[in-house]
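Here is a short set of exercises to work through with the model open beside you. Try each task before reading its solution.

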Amino acid sequence: MTKFMIVDDDAENLYALRVLLEENGFVVETAENGQEALDKARANPPNMIISDVLMPVMDGFNLCRYWMQDEQLQTIPFVFYTATYTDYKDQEFALNLGASRFIVKPTEPVELVAIIEAVFAEWGDGRFTIPSHAIEEPVFIKEYNERLIKKLEHKALQLEKANQRLKVLYQTSTDLAVVQPMDRLVSHMLQTVTEAMGYPTANFFIFDAEDQQFSLIAATGYTNERFEELQRLLVFRLGEERGLVGLVGQTRQSLVQSETHSDPRWITIDPTLHSALYVPVIYEDRLWGVIGLFSKEPNAFTANNVRHMETLANNVAIALENAKLYEAQQRYTEKLEALVAARTAELQAALEQAQAADRLKSQFVSDMNHELRSPISVVQLYLGLLSHGKSENWERYVATIKREADRLQKMIEELLDLSRMDLGKVAANLEPIDLNFLIGNLILDRAELISAKKLTLDFESDRDIPLALADRQLLFQVLTNLLANAINYTSSGGITLCTGTAVADNQTWVTASVIDTGPGISDEDKEHLFERFYRGEVGKESGAPGSGLGLAICKEIINRHGGRISVESTAGSGSIFKIWLQPATTTAE
C-alpha cells in the first residue's frame with residue numbers, strides 16, 4: 001500500500017491533508033518539522049513526501065536538500081505544498097533542489113490528488129530523474145537566504161498590518177478629538193461608525209488638491225486583497241459623476257442613494273449593497289475627502305442619519321487637521337532634535353579639541369621651560385667665568401657660549417617653523433623634482449663636515465626613478481636634517497644615501513633613504529621619535545646638540561607633501577630613515 005509522509009507545523013493543515021489522502025486509500029505518517037520527517041523517513045521510508053516550507057527546527061527547503069543528498073531517500077518523490085512561499089522564484093528554487101512539484105495552497109482536493117498521481121506516473125516511467133548535480137553549498141545558502149529574507153519581509157509586513165488592525169480595534173472606544181496619526185484616525189472612525197450603526201461596510205476617499213483626484217485610503221468590510229484591488233479600481237476625478245465621490249467633493253453636499261442598482265452612476269462592487277450615503281469632509285475651506293457608508297437595505301439612510309454623519313464628518317475634519325498639525329509638529333521636533341544632536345556633537349568635538357590644545361599648550365610650555373633653561377644656564381655660567389675665571393680659558397669659555405647661543409638660535413628657528421606650520425602659513429609648492437640632483441647638492445654642501453669626522457659617505461642613486469612631486473626648499477630642509485642627525489650620531493663607519501622606488505598602499509612611491517652605522521634606536525624610543533621635544537636615550541647620552549624638534553618638523557613637512565617618513569632601526573645596528581614621496585607625472589631623463 002502506498003505510504004505518504006506529510007510535513008507541516010500547522011495542526012489543522014496536517015489534519016486536512018491527512019484526511020484527504022486516507023480517503024483516497026493512502027497510508028499517512030505525519031511530522032511537524034523537517035528534522036522529525038527526515039528521522040522518520042530514514043527509519044521507515046515512504047513512497048512520497050509532501051512538505052510545507054516555513055516550519056521550525058528545519059524548514060522545507062533544507063529538508064529537500066538533505067533528502068536529495070541521502071542515497072536512500074533521493075529516489076522518493078518530494079512535493080512542496082505551501083501557502084507562504086508563492087513566488088515563482090520560490091518555485092524555481094524548490095525545483096532546482098530536486099522537488100517534483102511545487103503546489104500552492106489552497107488547491108482543490110480533486111486537483112491535488114490528480115497532481116500526486118501524475119508525479120507517481122512520472123517517476124514510474126522515468127520522465128522524472130534525480131538531479132545529477134546538487135546545488136553547491138554557497139549557491140544554496142545565497143538563494144536560501146534570499147528566499148528566507150523575502151519571506152521574512154513579507155511576514156513582517158503582514159504582522160505590521162495585523163498590528164495596525166489591533167490598534168484600530170483598540171481605538172474604537174477613543175474620542176476623535178484625541179490627536180493621532182491620520183490613517184489610524186480614519187480607520188478608527190470607519191470602524192466606530194460601522195460597528196455602532198450596523199452598516200456592513202464603509203470607506204474614506206482622501207482628496208489630493210494637486211492631482212484633483214480622490215483615492216481610497218481606508219475601508220471596512222473587505223479583505224486586504226479586495227481592498228488593495230479596490231484601491232486600484234476606485235480613483236475619481238473631482239466633479240466626476242461615476243461613483244459619486246467626485247461629484248460630492250465638487251458640490252460639497254451630502255448625497256443619498258436610496259437604491260443603488262437603479263442609479264447609473266453606481267459602481268457595483270458588492271451586489272448585496274442597496275443604499276449609500278456620501279458625506280464630504282471639510283475643514284473651513286479645505287476639502288479633506290469623502291466618507292461613504294453602505295447598507296444592504298434600500299432606503300436605509302434617513303435625514304437624521306445624514307445630520308448625524310455630517311456632524312461626525314465635521315469632527316473628523318477637525319481631527320484630520322489636528323493630525324496634520326501633529327504630524328508636522330512631530331517632523332519639526334524630530335528635525336530639531338537631529339539639529340540639537342548634531343550641534344551637541346560639534347560642541348563636544350570642539351570641547352575635546354580645545355582640551356587637547358590646552359594639554360598641548362601646557363606640555364609645550366613645560367618643554368620650552370626645560371629646553372631653554374639648559375643652554376641659558378650654561379651661557380650664564382660661562383659669562384660668570386669670563387668675569388672671574390682665568391684669562392687663558394677665555395677662548396674655551398667663548399666657544400662654549402657661542403655653541404649654546406647657536407643651539408638657542410636653532411631651537412627658536414625650529415619653534416618658529418613649527419608655529420608657522422601649525423598656523424598654516426607654510427605651503428608646500430609642489431613641483432617635479434629630480435631627487436638624485438637634490439641629494440647630490442646636499443652631499444657637496446656637507447662633504448667637508450663628513451670628512452672632518454672621518455666618516456665615509458656613499459650615494460647609491462637609482463637613475464631610473466621618476467621625478468618626485470615636492471617643494472624643493474622644504475624637501476632640502478628635511479634631507480639636511482636627516483643627514484645632520486646621521487653625522488651627529490655616527491662616531492665611526494659611514495653614511496649612505498639611497499634613492500629608489502617602493503610600492504605601498506597600492507601605489508608607487510619615490511623614496512630617499514639616509515642610512516648610518518650609528519648606535520641605533522630602541523623600540524621604545526621609535527614610538528615617540530617624531531613627537532615634539534622628544535630625545536631618545538642615545539641622544540641624551542651622546543651629548544650631540546639638538547632640541548628634539550627636528551624630526552617633528554620633518555614629519556610635518558612630509559605630511560604636507562602627502563607622503564610619509566619611516567624609520568627602521570635596532571639598538572646597536574644603525575638606522576635607516578626613509579621619506580616616501582608621490583611621483584610626478586613626468587619622469588627624469
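The exercises below go from the whole chain to one sheet and a helix beside that sheet. Keep in mind that this is a predicted model.

**Exercise 1. Describe the protein chain as a whole: its secondary structure, burial, contacts and surface.**

Solution. Start with the elements: the protein chain has 16 helices and 19 strands. Next comes burial, where 40% of the 589 residues count as buried, that is, under 20% relative accessible area. Then take the contacts between residues at least 6 apart in sequence: 63% of them join residues at least 24 apart. Finally, the accessible surface is about 32,400 Å², and carbon and sulfur atoms account for 52% of that area.

**Exercise 2. Work out the strand order of the open sheet that contains β6, and find its edges.**

Solution. Walking across the sheet, you meet 6 strands in the order β8-β7-β6-β11-β10-β9, with antiparallel pairing. The edges are β8 (235-237) and β9 (255-257): each has a single partner strand, so one side of each lacks a neighbour in the sheet. From one strand to the next, the twist averages 25°.

**Exercise 3. Examine how β10 and β11 pair.**

Solution. First locate the strands: β10 covers residues 275-283 and β11 covers residues 286-295. Their pairing is antiparallel and runs over 9 bridges. To check the register, look at S275, which stands opposite S295 in β11.

**Exercise 4. Which strands does helix α8 lie across, and at what angle does the helix run to β7?**

Solution. Find α8 at residues 224-233; this helix lies across β7 (213-220) and β8. Relative to β7, helix α8 runs at about 165°.

Definitions and conventions
Residues numbered from 1 in each chain as written. Predicted model: local features only at pLDDT ≥ 70, side-chain atom pairs only at ≥ 80, totals over all residues. Heavy atoms only, no water. Helix = DSSP H or I, 4+ residues; strand = E, 2+ residues; numbered from the N terminus. Buried < 20%, exposed > 50% of the residue type's maximum accessible area, 1.4 Å probe, protein only. Contact = heavy atoms within 4.5 Å. Areas by Shrake-Rupley, 256 points an atom, 1.4 Å probe, with all protein chains shown as cover. Pairing = 2+ DSSP bridges. Axes fitted to C-alpha atoms, helices over the stretch in contact; angles between N-to-C directions.
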